[in-house]
Amino acid sequence: MRADITEIVAGRAPLPNCAVSLGGKAVEARDGYFKATFDAREEFYNLGNVVQGGFLAAMLDDTLGPAVITTMNEDEVHSTVDLHVQYLRPATAGQLTGEARVTHRGKTVRMAEATLSTADGKIIARASCSCVIRQLSGS
């Protein structure tokens, strides 16, 4: 597993700024799996007084990406080429948990699925993605 993910989960490396903005906290990472929590805040509410879907999609994306990273070598990077989100129920302020699993590990394409759930375990949204894997320049 990539050292950067291990260091973030252990609290020895900072989260990316996007995860910090979402109130994110890395909880667990292992090969092909990543779990994080997010602090959904009222500042994320739309006119219907629920968390706007774009924030939920960002939380899911910020769970899927690290799951893919756990399957990569140090000399590889990934780019998400497709993100599909399904909203199942509205979300309000509180802690949300994202869990993602890699479902396909090709040499140049990885696919993953994730759920975002409330503290009582109700799934509020799910997502799937496809990512392209490539070598870092100069490798």
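Me: Let's start with one residue: is Phe-44 buried or exposed?

Reply: This is a predicted model, so keep that in mind as we go. To judge burial you look at the relative accessible area, and anything under 20% counts as buried. Phe-44 has 4% relative accessibility, so it is buried.

Me: I see other rings in the picture. How many aromatic pairs does the structure hold?

Reply: Here's the general idea: a pair of aromatic rings is described by the distance of the centres and the angle of the planes. This structure holds 1 such pair. Its members are Phe-44 and Phe-55, with ring centres 4.2 Å apart and planes at 10°, so the pair is stacked.

Me: Where do Phe-44 and Phe-55 sit along the chain?

Reply: Phe-44 is in the loop between β2 and α3, while Phe-55 belongs to helix α3, and 11 residues separate them, so the pair counts as linking distant parts of the chain. As for Phe-55, a relative accessible area of 28% makes it partly exposed.

Me: Does that loop have anything else to look at? Where does Gly-48 lie?

Reply: Gly-48 lies in the loop between β2 and α3 too. At 56% relative accessibility, Gly-48 is exposed. You can also set sequence distance beside distance in space: Gly-48 and Val-27 are 21 residues apart in sequence, and their C-alpha atoms are 30 Å apart.

Me: Now the inside. Which residues of the largest nonpolar core touch the most other members?

Reply: Of its 34 residues, those are Leu-56, Met-59, Leu-96 and Leu-116. To see how the core is built, go through the elements: α1, β1, β2, α3, β4 (94-105), β5 (109-118) and β6 (123-135) each supply at least two residues. The biggest share is from α3, with 8 residues.

Me: What is Leu-96 in contact with, once neighbours within four places in sequence are left aside?

Reply: Among its contacts are Leu-56, Met-59 and Leu-116. The list also includes Ala-36, Thr-37, Phe-38 and Ala-40, as well as Ala-91 and Ile-124.

Me: And empty space? How much of it lies in the largest pocket?

Reply: The idea first: rolling a probe the size of a water molecule over the atoms shows where empty space is left. In this model, the largest pocket holds about 260 Å³. It is lined by 19 residues, and Ile-5, Pro-16, Ala-19, Asp-62 and Pro-66 are the closest to its centre. Two or more lining residues come from each of α1 (3-9), α2 (17-21), β1 (25-30), β2 (33-40) and α3. Here too, α3 gives the most, with 5 residues.

Me: How many nonpolar, polar and charged residues are in that lining?

Reply: By class, there are 12 nonpolar, 3 polar and 4 charged residues.

Me: Back to single residues. Is Thr-70 buried or exposed?

Reply: Thr-70 has a relative accessible area of 2%, so it is buried. You'll find Thr-70 in the loop between α3 (53-69) and β3 (76-87). Leaving aside neighbours within four places in sequence, Thr-70 has contacts that include Met-1, Arg-2, Ile-5 and Tyr-33.

Me: One last loop residue: where is Leu-88 found?

Reply: Leu-88 is in the loop between β3 and β4. Its relative accessibility is 43%, so Leu-88 counts as partly exposed. Not counting residues up to four places away in sequence, Leu-88 touches Ile-123, Ile-124, Ala-125 and Arg-126. From Met-1, Leu-88 is 87 residues away in sequence and 32 Å away in space, C-alpha to C-alpha.

How values were computed: Residues are numbered from 1 along each chain as its sequence is written. This is a predicted model: local features need pLDDT of at least 70, side-chain atom pairs count only at pLDDT 80 or more; totals for chains, interfaces and linings use all residues. Side-chain values use heavy atoms; hydrogens and water are left out. Helices (H or I, at least four residues) and strands (E, at least two) are DSSP runs, numbered from the N terminus. Buried means under 20% relative accessible area, exposed over 50%, partly exposed in between (1.4 Å probe, protein chains only). Contact means heavy atoms within 4.5 Å. On a 1 Å grid over the protein atoms alone, a cavity is a set of points where a 1.4 Å probe fits but cannot get out, and a pocket is an open set with protein on both sides within 12 Å along at least five of seven lines; lining residues have an atom within 4 Å of a point. Grid points are joined across faces, edges and corners, and a volume is the space filled by probe spheres set on the points. Ala, Val, Leu, Ile, Met, Phe, Trp, Tyr, Cys and Pro count as nonpolar, Asp, Glu, Lys and Arg as charged, and the others, Gly among them, as polar. A nonpolar core is a set of buried Ala, Val, Leu, Ile, Met, Phe, Trp, Tyr and Cys residues joined through side-chain atoms within 4.5 Å. Rings of Phe, Tyr and Trp (its six-membered ring) pair if their centres lie within 6.5 Å; planes under 30 degrees apart count as stacked, over 60 as edge-to-face and the rest as tilted.
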